Every structure is written in C-alpha cells, then in structure tokens.
Amino acid sequence: MEAVERFLKENGITEVESTLPDMTGNARGKFYPTKKFLAEKGGKIPETLLVQTVTGEWANNHYDIVDPADRDMVLVPDSNSLRLVPWADEPTAQVINDCYTNDGELHPLASRSVLRRVLKLYEDEGLRPVIAPEVEFYLIQKNVDPDYELKPATGRSGRRETARQSYGIDAVNEFTPVIDTLYSYCETLGLDVDTLIHESGAAQMEINFLHGDALDLADQVFVFKRTLRETALKHDMYATFMAKPMQHEPGSSMHIHQSLIDVKTGKNIFAGTKEKKFSDKFYNYLGGLQKYTHHAISFYAPNVNSYRRFAPDIAAPVNFKWGIDNRTTGLRAPEAPLAATRIENRFPGADCNPYLAIAASLACGYLGLKHSLQPDKPVSELAADEGDTVEVARSLEEGLRLLEDCPELREIMGSAFVDAYIGVKRAEFETFHEVISSWEREYLLLNV
C-alpha cells in the first residue's frame, strides 16, 4: 500500500477505479475517492461477482461453489498494475486487485488466482514463462439494436471497406484519428504495445504486445480491451472483441506466443542448436499442447459465439496439427533466432479471458513437460484441406464436456474453479439455446 499511496499522491489522483477481472475477463469493482481508498487499504467485495454469467445470471450450481451467505472477499491491490486513466474527466487511477478469502488464501475462483496457481508450478521447476499476445478486433458502426447485423465502421473517406485489406497501410490510415488516440492512451497507461496491422476483415485490426511476464501481459490485455472500447466511443463507433461478429468476415483471435526461461541460466529452454533446431523440452511442451488443447478449448473459446470462428478454412484452426512457420496450423513454431524460439498457440479467440487462456495454455504445456509427451510430425502444407474432419469442439457445450473429462487440467487449475467455470458457461449456453434464430424461421418454419 505504500507504493500505491506514493503513486496516487505523486500523480494528484482524486479518484481510484479498484478493479478485478470476472469470469468473462471484464472489469468489476468500485470507484473510490482517493482518501477513502487509502483508508480501506483495498476493501472487500462480494465473491459472487466472480461467478456471474455474461447475461448477469447465475449457474445452477451457484450455491455449491460460493457461500450461500453471499460473503465478501478481501481485495489486495497489486501496485505493479497501477495506471492512470487517460479518458477520465478528473485525475483518476486504476488498479487491479488480487482476491483473497478471509483466511488469507488466494480466492480459488478468481481468474488472476488461477493464473498465479499455474505460474507457481513453473516457479517450483525453476522456470519463467514468457508470453506475447496478439489481439485482433473490429471497429464497427454503433449498433444500438441487437436485432440488426453489425456493419464495419466508416473511415475518413466516408466509405466502408469491401475488399480484403490485409496489411494495408492506407486501410489503417482510414482510421488514423482512432489509432492516434489509442496509441496516446496506451502510452499513458504504460502498455507495451508493439505493431498494429490491418487484418483481412473489413475494419479489422491486430495489435501485438512485446513479450514479457505472463501475469503482466494478461493485465495489459485486460486493460487494453477497456482502453480500446473507450477510444472507439470517443470517435462515435464501437470496438468489439467478439470471436465472429459478422457472418461474411473472418473471426478475431488472440494468438499467444510462449517460451520458457531457465531462471538460473536465463536461457530459453526451447532453443536447440544449429544442428537440432528445437530442444527436447520444446517437443515435450508442444506435445502437451497437442494432447490437451481439445480439453482446454472452452478457455480459448469461452462464449457461444466463439465456435463460429472454427470453420473448415485456413482462417482459424480446426485440428491440432503443428508446423514450422505454418499459419494454417493451430500450433505454430515461427522462424526465429534460437534465443527467440517459441510456440504460437493460435486457438484462443479475441473474446477469451486473457488470464484463463494464458493459464490454460501454460497448463497444457506443463503437462507435456511432466509426462515427456511427444507431438506428431510437423506439417508443411495446408493444415485443413477441404473435407478434412473438424477435430476441435463445435459448441461451448461440447467444449465444457471435454473439460469435465480431463482430471489433469482440473488438478492444475483447481477443482473448485473448474466446477464454477463449467457451471457459469453451461448456464450461458442454456440461455443462448433458448433463442430461436432467424435462420430457423427462414428455412424450417414452412419446410419441415
């Protein structure tokens, strides 16, 4: 709290956003006057916030996973997450909290706690994961009526994109005012954003983060999503991280580059030699990703919309193949200097909770290391030819069944958390399943 108090006073902060990520990865918390925040030294908040569905409802097993008395948990601000809020009207800071039980233990249902739990396993092995996320998103026209389909935002020219504009410089320049504001906000927030490119969708962009500590990068993605939404609103449009927001446009992903550093030597344990490109540990970790990703898919595709992205074409992975510099595979080893040897997990969608997606990916790799697993041979051609079987789950409900059937991931991520996650996400699926779509009315109403 000393570091927190010093930051607030040095920056003349009058208001504090005390936040925590919920199950969906969205910010929950309280607004405090600075004096009140410092007096409370973190404060408390109901633990039920951790297990609320995206619709604001509760899982059927709600009172099996939280105390029926609706108890509070203790919030402990992480001074490393302190940032200014550049869009606020008065000097405001935001901080991300760790959630603790009244017994002083990390709350098992908190997203940050789950990632910390997985990172502790690596710490015990003398290893430090290095992460670099790539986050895709769409800029879209404001949509105040959900019955209407989404449309790409209009740029400076006043025209919407129609052709594919992958890596298009002028296509990005269409949104220069938005991008300038975004980079200004990111600089104030201290976000380690690297390059920004135009993706293949209409008004679809991707921003890359510099590699670094896993928890810090999860925090940065968490903050970035809020930042981008605020930026878009400032320019009278929306930004969305939906995995598949528009029928005829590609989906949006959050690829996770990952490697492991030996704490004692400071060396990347995935790096091989000039004669042998990859180390044995690289193959073990990759083998874990290949074996357990289908069980972990609900962490990478956590919403009912997420599975629309998994279609049999080259835009998104539909099987568990891997390749060297092959973007048609779900698991890719980019061409890189030995010290930068890494694996890119291309399964997560942009709609994932960054804490849980990173934790799940590291958990799969950890199981590969512990069990000395081996991957299949790499593929150099198109990973999913027309007619190939789609191996990945095609619905959230199927993904949850696969998670339910994996005791190894349950043990690593915490049994109580897995029960809570399945309960929350299954409740979301059932709510969605009640809705009758326009497709059903169009093709089934008078034809069946």
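## Close-ups of a predicted model

**View 1. A loop residue with a positive phi.** Lysine 41 sits in the loop that runs between helix H2 (34-40) and strand S3 (44-46). Keep in mind that everything shown here comes from a predicted model. The phi angle of lysine 41 is near 55°, and that is a positive value in a residue other than glycine. Is lysine 41 buried or exposed? Its relative accessibility is 56%, so lysine 41 counts as exposed, the cut-off for that word being over 50%.

**View 2. Another loop, another positive phi.** Now look at aspartate 236, which has its place in the loop between H7 and S11. Phi is near 60° for aspartate 236, again a positive value in a residue that isn't glycine. With 55% relative accessibility, aspartate 236 counts as exposed.

**View 3. The largest pocket.** Here's the largest pocket, with a volume of about 2,300 Å³. How many residues line it? There are 50 of them, and Met242, Lys244, Pro245, Asn305 and Arg308 are the ones that lie nearest the centre of the pocket. Sort the lining by class and you get 21 nonpolar, 14 polar and 15 charged residues. Helix H7 (214-234), strand S11 (238-240), helix H12 (415-433) and helix H13 (438-443) each chip in with at least two lining residues. H7 gives the largest share of the lining, six residues.

**View 4. Inside the largest nonpolar core.** This core has 110 residues, and the members that touch the most others are Leu139, Phe224, Leu362 and Phe417. Which helix supplies the largest share of this core? That's helix H9 (residues 354-370), with twelve residues. Apart from this core lies another one, made of ten residues, including Ile13, Val16, Phe37 and Leu38.

**View 5. Leucine 362 and the residues it touches.** Zoom in on leucine 362, and skip residues up to four places away in sequence. Leucine 362 then touches Leu115, Val118, Leu119, Tyr122, Pro129, Ile131, Ala214, Gln258 and Tyr285.

**View 6. Strand S9 and its partners.** Strand S9 (residues 204-209) is mostly covered, with six of its six residues buried. On one side you'll find Gln204, Glu206 and Asn208, on the other Met205, Ile207 and Phe209, and they're all buried, which leaves both faces of S9 covered. S9 pairs with strand S7 (residues 127-140) in the antiparallel sense over five bridges. Look for tyrosine 138, which stands opposite glutamine 204 in S9. S9 also pairs with strand S8 (residues 193-198), once more in the antiparallel sense, over four bridges. In that pairing, isoleucine 197 stands opposite glutamate 206 in S9. Together S8 and S9 form a hairpin with five residues between them, and alanine 203 in the turn has a positive phi of about 60°.

**View 7. Phenylalanine 282 and its contacts.** Phenylalanine 282 belongs to helix H8 (residues 280-300). Buried or exposed, what is phenylalanine 282? Its relative accessible area is 0%, so phenylalanine 282 is buried, as the limit for that is under 20%. Leave aside the neighbours within four places in sequence, and phenylalanine 282 is in contact with Ile269, Phe270, Trp322, Ala333, Thr341, Arg342 and Ile343. Try finding glycine 368 too: along the chain glycine 368 and phenylalanine 282 are 86 residues apart, while their C-alpha atoms are separated by 9.4 Å.

Technical notes: Residues numbered from 1 in each chain as written. Predicted model: local features only at pLDDT ≥ 70, side-chain atom pairs only at ≥ 80, totals over all residues. Heavy atoms only, no water. 1 Å grid on protein atoms, 1.4 Å probe; cavity = no way out; pocket = protein on both sides within 12 Å on 5 of 7 lines; lining within 4 Å. Points joined across faces, edges and corners; volume = space filled by probe spheres on them. Nonpolar A, V, L, I, M, F, W, Y, C, P; charged D, E, K, R; others polar. Core = buried A, V, L, I, M, F, W, Y, C linked by side-chain atoms within 4.5 Å. Buried < 20%, exposed > 50% of the residue type's maximum accessible area, 1.4 Å probe, protein only. Contact = heavy atoms within 4.5 Å. Pairing = 2+ DSSP bridges.
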